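Reader: I would like to go through this model slowly, asking at each step what lies behind the words that are used for it.

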Amino acid sequence: MQKGISQRDAAKIIGVSYGTLGRWIKDGKVEDVARDRNTYRIFTDEDIARIKEYADSIQYSSPRDAADAQPCPYTVASFFAGIGGFDLGFEQAGFTTKFQCEVEPFCLSVLKQHWPNVPKWGDITTLDNATIPISDVWVGGFPCQDLSLARMGQREGLRGTKSRLFHEFAGLVGESKPRVLVLENVAGLLSSHGGNDFSILLQTLAELGYSVGWRTLNSRYFGVPQSRQRVYIVGCLGDRRGPGAILFESERGAGSTEEGRPNGKKPASTLPAIVGDISGDGPVIQSVAYCLYATSARHTGTDWSRNYACYPKSGRIRRLTPAECEGVMTFPANWTKLNELHLDTEQLDSARYHALGNAVTPPVAHWLAKRIRLYLEMVDGEKAKRQTRTRQLVPELVG
Ligand SMILES: C[S@@+](CC[C@H](N)C(=O)[O-])C[C@H]1O[C@@H](n2cnc3c(N)ncnc32)[C@H](O)[C@@H]1O
């Protein structure tokens, strides 16, 4: 029997980061272990078996397990679904995912792993409305390559080969007319072609009958250990009150970002907690990560190196692992680690970095979903009241 395993080695054996293991203990998810003379944790084989059991039980658990809300009757269809950042957040707010559209094979495999029973479609350009189940809400973070300021040189904007897929999405919206739309993109959407692209987007949705509002939100204020600013556009079919009610909280005090407010949370975990350290050997790391981009997978230069772990004693520097990037995006552990592996490690890592860099952070999606749910409940409640009143009035009028 092994004795006296350090927390770092225990984390390796269990297959999680040092920080995650510490957090599980601190949060009472697993029982604490004994300490040595220097008060460092010492793990036994039994401790490791017990904690591994917990890790296995949550590793590939359904996103529904994380739900903090009662299920609701509302449904969501997800376009440009990626690895399901929106879908996860909406399910945590009680929505049911009815449909997912995503063209990239790696992302599709991740979606199949977590939503094996949800109908899927690949290329949006070949999708027709009859294939899409009726859903209350449609969500989509359409490709941003032609809008992003992270891309060097001329931005093609909504005319670009990727970002023009917005028009495909809008064409489908025009026929199906879901009650609520949520679009997500890089903040560069607001400025590309001097704002013309954004104006085309707003006009297109308005012509389809949607009242539209938008807000730039930074994930770091939603408990995510990353500064990730994105624009979220909400459209409500034929209801001018909707976007404002969803995107802006009347309950907020002026300019307050106190802890505990719905979007004024401090990061729930910090980057060092995800990467982990107690030994004093490192890593040295900023408390909130810089924004992860999909390009991080391919860049050898300055991009990934903005987020790195530095070990001053040994002089070693390394990039974050894909598992750490999952933590930095606040996805559950191993969300993008496929059970069935057809890729070698390098290809898999590259696909994971890329997909994670593209994703919506689930806590922001969750916040939006909760507010959309409240909005739908309010509208449906008002409608039910009106119907009851009409039913009560009609006999009186007849009488
Ligand atoms: C910005 S990412 C959206 C990520 C997603 N919101 C998430 O949380 O992972 C855009 C996605 O659109 C997908 N995409 C690109 N072209 C597409 C097409 N023709 N049909 C469907 N999806 C497409 C990309 O593969 C990518 O995953």
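Reader: What makes helix α10 (residues 322-329) count as mostly covered?
Author: In this model, which is predicted, local features need pLDDT of at least 70 and side-chain atom pairs count only at pLDDT 80 or more, while totals for chains, interfaces and linings use all residues. Residues are numbered from 1 along each chain as its sequence is written. A residue is called buried if 20 or more other C-beta atoms, placed from the backbone, lie within 10 Å of its own, exposed if 12 or fewer do, and partly exposed in between. In α10, eight of its eight residues are buried, among them Pro322, Cys325 and Met329, so the helix is mostly covered by this definition.

Reader: Which helices do the buried residues of α10 pack against?
Author: They pack against α9 (271-275) and α11 (345-358), where contact means that the C-beta atoms of two residues, placed from the backbone, lie within 7 Å. After α10 comes Thr330, whose phi is positive, near 65°.

Reader: Why is α1 called roughly perpendicular to α2?
Author: The axes of α1 (residues 7-14) and α2 (residues 18-26) come within 8 Å and cross at roughly 100°. Angles under 35 degrees count as roughly parallel, over 145 as roughly antiparallel, 65 to 115 as roughly perpendicular and the rest as oblique, and the crossing angle therefore makes α1 roughly perpendicular to α2. In this contact, Gln7, Arg8, Ala10, Ala11 and Ile14 of α1 meet Tyr18, Leu21 and Gly22 of α2.

Reader: How do the residues of that contact divide by class?
Author: They divide into five nonpolar, two polar and one charged, where Ala, Val, Leu, Ile, Met, Phe, Trp, Tyr, Cys and Pro count as nonpolar, Asp, Glu, Lys and Arg as charged, and the others, Gly among them, as polar.

Reader: What makes β5 and β8 the edges of their sheet?
Author: Seven strands form an open, mixed sheet in the order β5-β4-β3-β6-β7-β9-β8, and two strands pair if DSSP finds at least two bridges between them. Because β5 (120-121) and β8 (210-218) each have a single partner strand, one side of each is left without a neighbour in the sheet. Within the sheet, β6 (residues 137-140) and β7 (residues 180-186) pair in the parallel sense over four bridges, with Val137 opposite Val180 in β7.

Key. Axes are lines fitted to C-alpha atoms, for helices over the stretch in contact, and angles run from 0 to 180 degrees between N-to-C directions. Helices (H or I, at least four residues) and strands (E, at least two) are DSSP runs, numbered from the N terminus.
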